[in-house]
Structure formats: C-alpha cells, structure tokens
Amino acid sequence: MTRARMPRPHEVAAARRDPRLLRAVRERQQDDAWRTRGTCQSVDPETFFPAPNEPADAAVALCRGCDVQGSCLAWALDVGDCHGVWGATTPRERRAMLVAWRGEVEPDPDAVDGPGPPVRDRLLTLVPLS
C-alpha cells in the first residue's frame, strides 16, 4: 500500500474550480436522504472500491449520471473519506478537493457537535485503549 501524498498547490487551485466541488458546496446539507436515491444502490459496492492498481472508470461513469452526486461528494468531504469513489471523484481528486473544501466551507452553525475533527476521529476518542 502506498502512502498518499499531499496535493500540490496547483492541484488545489484546480479543485477549487472543479464543477463537482462547486455542486457539492451548493448541495451540502440540502438532502439528508440522498443515500436512498443513489445510483449505487443497484450496483455491487465493490465497483466503487477498486484495487489501487485497477481503474475506477466504471464507478466514476455511474456516478456522473447520478442525481445525488453533489450530496454524496459533500458527505465524503465532510467526513474526510479518501477511499473509493464518491460523487464521481477518485481518492486522488478528493485529496485536493478536501484542502479546498476545508478552506472554503464554513462550519455548520446548527450542527450539534460544532466544528471539530471528522466523525471518524471523534469516534476513535470513544474507543478505550488497553
């Protein structure tokens, strides 16, 4: 397994202009039931998690035609998920988008938890260390 590198400044600048990211910003928090309407519901989940040496073209193509693409990508960026295909983006594309997302998106003032680490990191703090 290779270690993911930090995106370069020009990759982050390109991500800020990416129409998929702009759509995710618009659709953020707009649709709580997006998962039930995703095209992925009728496809084998393995399609969206190809091996590192396999292309993700099939999954990205399915996502491009999905009605909830923006909400899906917004969720992945909110939780910092960098595995698999979400919102028609590959992990490499999302790493650059994540830098742009964290700099552009204001924390939700109505959120119960308020600003803080991604859900995954908050859950890890609840696990007792032996």
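# Notebook: helix packing, salt bridges and cysteines

I began with one ion pair: Arg23 and Glu27 form a salt bridge, with their closest N and O atoms 2.9 Å apart. The model I am reading is a predicted one. Both Arg23 and Glu27 sit in helix H2, four residues apart, which is about one turn of the helix. I noted the general rule that an α-helix has 3.6 residues a turn, so residues three or four places apart point the same way. I then looked up how far each partner is covered. Arg23 is partly exposed, at 21% relative accessibility. Glu27 has a relative accessible area of 17% and is buried. The cut-off for buried is under 20%, so Glu27 falls below it at 17%, while Arg23 at 21% does not.

**Entry: the other salt bridges**

How many salt bridges does the structure hold? I found five. The general idea is that side chains of opposite charge can pair when their charged atoms come close.

Asp78 pairs with Arg28, and the closest N and O atoms of this salt bridge are 3.4 Å apart. Asp78 belongs to helix H4 and Arg28 to the loop between H2 and helix H3 (57-64), so this pair links distant parts of the chain, 50 residues apart. Asp78 is partly exposed, with 33% relative accessibility. I also recorded a network: Asp18, Arg20 and Glu93 are joined into one by salt bridges that share partners.

Arg92 and Glu11 meet through their side chains in a salt bridge of 3.7 Å, N to O. Arg92 is in helix H5 (residues 91-104) and Glu11 is in helix H1 (residues 9-17), so the pair ties together parts that are 81 residues apart in sequence. Is Arg92 buried or exposed? Arg92 counts as exposed, at 54% relative accessibility.

**Entry: H2 against H4**

Next I looked at how H2 packs. Helix H2 (residues 19-27) and helix H4 (residues 69-79) pack at about 85 degrees, and their axes are 7 Å apart. That angle makes H2 roughly perpendicular to H4. From H2, the contact uses Arg20, Leu21, Arg23, Ala24 and Glu27. From H4, the contact uses Gln69, Gly70, Ser71, Leu73, Ala74 and Leu77. Sorted by class, the residues of this contact are five nonpolar, three polar and three charged. Arg23 and Glu27, the pair I started with, are both among the contact residues of H2.

**Entry: H1 against H2**

At what angle do H1 and H2 pack? The angle is about 55 degrees, with the axes 5 Å apart. H1 and H2 are therefore oblique to each other. H1 brings Ala15, Arg16 and Arg17 to the contact, and H2 brings Pro19, Leu21 and Leu22. By class I listed four nonpolar residues, no polar ones and two charged ones. Leu21 of H2 takes part here, and Leu21 is also in the contact with H4.

**Entry: how covered H4 is**

I went through H4 for burial. Nine of its eleven residues are buried, so H4 is largely enclosed by the rest of the structure. The buried residues of H4 are Gln69, Gly70, Ser71, Cys72, Leu73, Ala74, Ala76, Leu77 and Val79. Gly80 follows H4, and its phi is positive, near 75 degrees.

**Entry: cysteines**

How many disulfides does a search of the whole structure find? The search finds zero. Cys40 is in no disulfide, and the nearest cysteine sulfur, that of Cys66, is 6.2 Å away. For Cys66 the nearest cysteine sulfur is that of Cys40, at 6.2 Å, and Cys66 is in no disulfide either. The cut-off for a disulfide is two cysteine sulfur atoms within 2.5 Å. A disulfide is a covalent bond between the sulfur atoms of two cysteines. I also checked burial: Cys40 is partly exposed at a relative accessible area of 35%, whereas Cys66 is buried at 10%.

**Entry: Pro50**

Where is Pro50 found? Pro50 is in the loop between H2 and H3. Its relative accessible area is 25%, and Pro50 is partly exposed. Leaving aside its neighbours within four places in sequence, I found Pro50 in contact with Pro55 and Ala56. Pro50 and His83 are 33 residues apart in sequence, and their C-alpha atoms are 9.5 Å apart in space.

How values were computed: Residues are numbered from 1 along each chain as its sequence is written. This is a predicted model: local features need pLDDT of at least 70, side-chain atom pairs count only at pLDDT 80 or more; totals for chains, interfaces and linings use all residues. Side-chain values use heavy atoms; hydrogens and water are left out. Axes are lines fitted to C-alpha atoms, for helices over the stretch in contact, and angles run from 0 to 180 degrees between N-to-C directions. Helices (H or I, at least four residues) and strands (E, at least two) are DSSP runs, numbered from the N terminus. Angles under 35 degrees count as roughly parallel, over 145 as roughly antiparallel, 65 to 115 as roughly perpendicular and the rest as oblique. Contact means heavy atoms within 4.5 Å. Ala, Val, Leu, Ile, Met, Phe, Trp, Tyr, Cys and Pro count as nonpolar, Asp, Glu, Lys and Arg as charged, and the others, Gly among them, as polar. Buried means under 20% relative accessible area, exposed over 50%, partly exposed in between (1.4 Å probe, protein chains only). A salt bridge is a side-chain nitrogen of Lys or Arg within 4 Å of a carboxyl oxygen of Asp or Glu.
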